[in-house]
Amino acid sequence: MRFDDTRPIWIQLVEAFSQKIASGQWAPASKIPSVRELAIDAGVNPNTVQRALSRLDADGLTVAERAQGRFVTSDTEAIARARAELARQATDSHIATVRQLGIGRDEAVSLLNARWIDNPPEGGHGQ
């Protein structure tokens with residue numbers, strides 16, 4: 001995993017893990033990999049992963065079960081809220097970038113529509 005040196009790694013892990021939950025890569029009620037496995041995969045200290053997972057617990061996206069591990073919440077509304085927030089953040093970032101390029105709203109929407117058609121998601125449904 002690549003990290004942005006200007007932002008805390010644990011926050012970037014929160015974002016990455018939230019993305020996995022919001023996208024369904026980590027399905028509701030499924031067990032997630034151990035702290036050790038996640039730390040090895042990300043190339044970070046296990047304490048950093050634990051801090052990120054603690055935030056996900058606090059946000060209601062994961063639940064730690066004593067002696068059983070950590071699981072994605074089964075609360076589909078919490079997952080939907082996380083998905084909407086991630087989409088808002090991505091949209092805000094996109095808007096800021098195209099504005100900096102001097103592109104107006106109509107042109108940005110036209111470009112988005114064209115690219116949306118040219119880049120269907122995996123599974124093939126992008127409407």
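**View 1. Four residue pairs are in polar contact across the interface of domain 1 and domain 2.** In this predicted model, those four pairs are found with both partners at pLDDT 80 or more. Salt bridges are another story: the count between domain 1 and domain 2 is zero. On the side of domain 1 that touches domain 2, helix H1, residues 9-23, gives the most, contributing four residues. Sorted by class, that side of domain 1 holds five nonpolar residues, four polar ones and one charged residue.

**View 2. Here we look at the area buried between domain 1 and domain 2.** The size of an interface is often expressed as the accessible area that is lost when the parts come together. For domain 1 and domain 2 that figure is about 690 Å², with 66% of it on carbon and sulfur atoms. Which residues of domain 1 lose the most area to domain 2? Look for Ala-22, Leu-61 and Asp-75, which together make up 64% of what the domain 1 side buries.

**View 3. The two domains can now be seen side by side.** The domain assignment places domain 1 at residues 9-75 and domain 2 at residues 77-118. Ten residues from domain 1 and seven residues from domain 2 take part in the contact. Between the C-alpha centres of domain 1 and domain 2 the distance is 26 Å.

**View 4. This view follows residues 7-75, listed in UniProt as "domain: HTH gntR-type".** The listing comes from an unreviewed entry. Helix accounts for 52% of the span and strand for 12%. The end C-alpha atoms of residues 7-75 are 29 Å apart.

**View 5. Stepping back, we can trace the elements of the protein in order.** How many helices and strands does the protein have? There are five helices and two strands, and from the N terminus on they run α-α-α-β-β-α-α. Taken along the principal axes, the C-alpha atoms of the protein fill a box of roughly 55 × 35 × 25 Å.

Note on methods: Residues numbered from 1 in each chain as written. Predicted model: local features only at pLDDT ≥ 70, side-chain atom pairs only at ≥ 80, totals over all residues. Heavy atoms only, no water. UniProt positions renumbered as here; feature names shortened; annotations may be inferred. Domains from an automatic or database assignment. Contact = heavy atoms within 4.5 Å. Buried area = accessible area lost by both parts, 1.4 Å probe. Salt bridge = Lys/Arg side-chain N within 4 Å of Asp/Glu carboxyl O. Polar contact = N/O pair within 3.5 Å; in protein donor to acceptor, adjacent residues only side chain to side chain. Nonpolar A, V, L, I, M, F, W, Y, C, P; charged D, E, K, R; others polar.
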